[in-house]
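This report is written for a reader who has not met the structure before. Please keep the sequence and the 3D view at hand while reading.

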Amino acid sequence: MRARWWAPRLAATSAWCVCMLACLGMAQGPWTLSSTGGPSARYGHAMTYDSQRGRVILCAGVSLGAYLADTWEWDGANWTQFASGGPTARYRHALAYDSQRDRVVLFGGYNAGIRFGDTWEWDGNVWTLVAATGPTPRYGHALVYDSRRGRVILFGGSTGSARLADTWAWDGSTWTLLANGGPPARYLHSMAYDEQRDRVVLFGGMMSTSSNYLDDTWEWDGNAWSQAAAAEPSPRASCTLAYSPQRGRVVMFGGYEFDGGGYTYGAGTWEWNGRKWSQLVETGPALRRDSAMAYDGQRGTLVMFGGTSPTGYLGDTWEYDLPATLSWLRSPHTGHWYGRTVPLNWWGAEAEAERYGGHLATIRSPTEQNWLVAIFGTGDTWIGLNDEQVERTFVWTSGEPVAYTNWAPGQPNNSGSGEDHTILWSQAGGRWDDTDGSRVLPGLVELVAHPSNGHIYTSTPTSSWEEAELTAVQLGGHLATVRSQAEQDRLTQRFGQRKWIGLNDAAVEGSWRWSSGEPVAFTAWRAGDPDNDRNEDYAYIGAGPNGEWDDGWGGGWVADSPAVAMRDRHGLTYDPVRQRVVLFGGRGPSAVYTNETWEWDGTGWRVVAIGTPSPRGALSLAYDPSGAVLTFGGWNGAQFLSDTYRWNGSSWQQAAVTGPSAREHYALASTAGGVLLCGGNDGVSSNHCLADTWWWDSIAQRWVDESASVGTPGARCDHAVAFDPQRNRHLLFGGVNDTGTALGDTWELMSVWSRVSASGPSPRYGHRMVFDEMRGRVVLYGGSDNTKHFDDTWEWDADDRFWRRIPGSGPPARFDHAMAYDSRIGETLLIGGTIQVAPGIANDTWRYDSWELPGIAEVPPRAAYALFGAGCRGSNGAIPALRMVPGRERPLSGTVFRVRIEAVPANTAVTGLIGLSDRYLGGSWPLPLALGFAGMPGCVLFVDPLVSSPMYASAGGTVDWDVPMPSDPALYGVTFFQQALVADRNANQLGVVMTNAGKGTLGAW
């Protein structure tokens, strides 16, 4: 092609922006009904995708009361049934495709009272029984293939009399039990493997009763389960889950739930991005449960079949095809890129914006407002302004200051006290209205591009450096590379301080490099840094006046050399006034109790008092806001104690007050205006646990029994409580009851104690919890359950109300240790405890800091290409068509992009057309344009051509169409369209036929 289609720089003109309007139309609903024929209507069947043959496989199920044993394949157009034979008839079994071994794996299922425990494999032609033993026979379980480790993963299910919580792996010859715990036991749950994040994702299911449905989301990282979200979507079972690589999301549809008054069908399509669920609302499949879904990798769509609905069994085939990328338009006023999402609630639209590296749009001036309305119209559309946090204090999700508003008259009015989100309002010509964020509307996405390189910069969620870098890679880039002082100033001004950037020396100590691979040409270290304190390998924009850099570490537990004498059952707390961690009492070797008082100043431990109170252990310490450290009672090896002491920094003073009964292994936690005490063991009988709640009044200096007014979390001892001052509530977890049974429940105390419906750490006692002030999380470590000690670390997310297990190693397993949060250095300290190796008691000091910060991701715009429309038939009976060429599927900046034109008469002239619009021809004729009037019946023009390219087909009837892509970053995001004309004198009156069309977006990756 001789002409440079991309010259001049069209992105700089408003005229080009207007001709690009068609690229920005709202995406249509992603579900398409593909077939109503094929397998009989059914539910409880299973599906998976055979990537070697490019076929979706469906097996068995129930139809009109009959159990089935048939096998079908879907090729994208038709279902084909294979000869019967193989697994006996069943339903609620599970399938997964092992791509390394090229086998479809089937396990379990149910038929008329029989639970199966057999394993079958399908090679594309026949089924073979490969194992008759393994996991307990079951049904309602879930199966996925972990492609990173080359094994099939199974979780849960029902034996009929019990629900299961076991995790198994199949390697092609043997089943191996990997874990027995994690998510609570369940069946009729759903799982999918997220290839990009290397996580098995599990959602929902049902526990032991017909009304006990679950709404929790869990992830398996190959070694352990951790809860990722709770209470979203609504509780349900028998939904279907599948991973879409094109979207980078796990997609869920349907399900069945019990709402207290009866059974209902879960509505709509949801997507999981690794952090949260977002609902898409669209026309499409009828409500259903017990359907099956698989991702067709060859065609880039999710395929769903069947299920049962309120009206009966279903036999329809649907495909889910939501574009991986939006179409973008660059504003001539801001230089930023804009696109519009499919209809979503406000949170889903913001999550979609973040997926592309941006936010819902920020509007800064009347010029921007008028341009956006002119381009996108006045239909109700989400923008980023909201007052979620503080009523009537509106902020932009981008973090920019609110410099301009354009409210409609009388707005915002917070009608109904729930209107916290803003739209361009159709009733006011695009002026703004506050409305309920649960409404389903398109969102206006804004990507801020750097003027010199066209890259987009956005914040990543608070996380470790490694997780922030992974998020940036998932967005298509890396953590930011800083190339100059001007760029450092711009990033600091926009994103603020304490943000991860891409510089690190994790590979070779002292050899700093950018995660993007660019050379290190500029640095902005703070004086004295990098200092590599505790192996600090990662750079972040620091807290200095100009954001000078500091080095941080990957987070987790680090052993510190200072130690105290060996002990367990001691107390530990932080004195914020004196900025000291205070330790008292405990039990040493040979069960000898001590009354030493130690203090930690951030560098070492020293003994500061011995003698008073009397030796004791199984106690707690907490800071009394009146200015002292408080302790109560405990056990001295011979009796239970009930005295109250206060440490003023130089001596212990006994408070001459009455209060709780004598006890040990209670829980104590500081709070505003006092100290909370609950539970414990009073020794009335063996392991006699108490169920009371007491309050130390810091002003009156006395104990008050609050049990009657706030309730109790039930009798227990050796539990843990932490106070969250940011939300003014206490959190309690676990302990042991009168029968010696370890507990695994979570409770909150605000005005009264209430149990939180949240899964998390396994039942335990002797664990410890503290509140991390910097990140607003409660941290839990260790404990015991009578059979083993634990070495796991958990964090409680109070906003989303779920426990998350923190990966990584730390202190050796232990219980009856002590922990305190040192707010001066922003780290948690752990001291001593009971361990499983000689001498059985530890004297070590550990420091924990998750080192979680937001990051700055730098993302080059992504190239994309998709085919659309259809060509018209030539005289040889074939329809010429554009086809994507493997290895050249995307128009990358600075490369030669290639599409192939096929089914062309041999040695025929072909003309390629390239344009920047698929909406109008010459600015006036609407596209697509049927060309029957021009003597080309059945042919359609899809492109407004700006440049033509003459070519000739080969003797085989194909031609490769090469298009040079510009390397100018200012053109990143430009969308172009292609179509070809094929000379065919016998095809029609004009002697020309048309191909289908293609739509490309120029990008850097």
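The text below goes through some sheets, some loops and one glycine.

**Basis**

This is a predicted model, in which local features need pLDDT of at least 70 and side-chain atom pairs count only at pLDDT 80 or more, while totals for chains, interfaces and linings use all residues. Residues are numbered from 1 along each chain as its sequence is written, and side-chain values use heavy atoms, with hydrogens and water left out.

Strands are DSSP runs of E with at least two residues, and helices are runs of H or I with at least four residues; both are numbered from the N terminus. Two strands are said to pair if DSSP finds at least two bridges between them. Strands of a sheet pair through backbone hydrogen bonds, in a parallel or an antiparallel manner.

**Two open sheets**

One open sheet is formed by four strands in the order 18-19-22-23, with antiparallel pairing. Its edges are strand 18 (240-244) and strand 23 (277-280); each has a single partner strand, so one side of each is left without a neighbour in the sheet. On average, neighbouring strands of this sheet are turned by 25° against each other, direction ignored. Such angles are taken between axes, which are lines fitted to C-alpha atoms (for helices over the stretch in contact), and run from 0 to 180 degrees between N-to-C directions. Within the sheet, strand 19 (residues 249-253) is joined to strand 22 (residues 269-272) by four bridges in the antiparallel sense. F253 has T269 of strand 22 opposite.

Another open sheet has four strands in the order 42-43-44-45, and its pairing is antiparallel. Here strand 42 (571-575) and strand 45 are at the edges with a single partner strand each, so each has one side without a neighbour in the sheet. The average turn between neighbouring strands of this sheet is 25°, direction ignored. Four bridges link strand 43 and strand 44 in the antiparallel sense. F584 has T597 in strand 44 as its bridge partner.

**Loops with unusual backbone**

Most residues other than glycine have a negative phi, and most peptide bonds are trans. The table lists cases that depart from this in the model.

| Site | Backbone value | Loop |
|---|---|---|
| S590 | phi near 60° | between strand 43 (580-584) and strand 44 (596-600) |
| A618 | phi near 55° | between strand 45 and strand 46 |
| T612 to P613 | cis, omega about -5° | P613: between strand 45 (605-610) and strand 46 (621-624) |
| A838 to P839 | cis, omega near 10° | P839: between strand 64 (827-835) and strand 65 (841-849) |

Is S590 buried or exposed? S590 is exposed, with a relative accessible area of 74%. A618 is buried, at 3% relative accessibility. In these terms, buried means under 20% relative accessible area, exposed means over 50%, and partly exposed lies in between (1.4 Å probe, protein chains only).

**Strands 75 and 66**

In a regular strand the side chains alternate between the two faces of the sheet. Strand 75 (residues 947-952) has such an alternation: V947, S949 and M951 point to one face and are buried, whereas S948, P950 and Y952 point to the other face and are not buried. Strand 70 (residues 909-915) pairs with strand 75 over six bridges, in the antiparallel sense. The bridge partner of G912 is S949 in strand 75.

In strand 66 (residues 853-859), six of the seven residues are buried, and the strand is mostly covered. Which residues stand opposite strand 66 in its pairings? T460 is opposite G855, and H478 is opposite E858. The pairing of strand 66 with strand 35 (residues 456-463) is antiparallel and has six bridges. Strand 36 (residues 478-479) also pairs with strand 66 in the antiparallel sense, over two bridges.

**A buried glycine**

G1000 is part of strand 78 (residues 992-1001). With a relative accessible area of 0%, G1000 is buried. Leaving aside neighbours within four places in sequence, the residues in contact with G1000 are A864, Y865, P891, V974, T975 and F976. Contact here means heavy atoms within 4.5 Å. The C-alpha atoms of G1000 and E889 are separated by 9.7 Å, and these residues are 111 residues apart along the chain.
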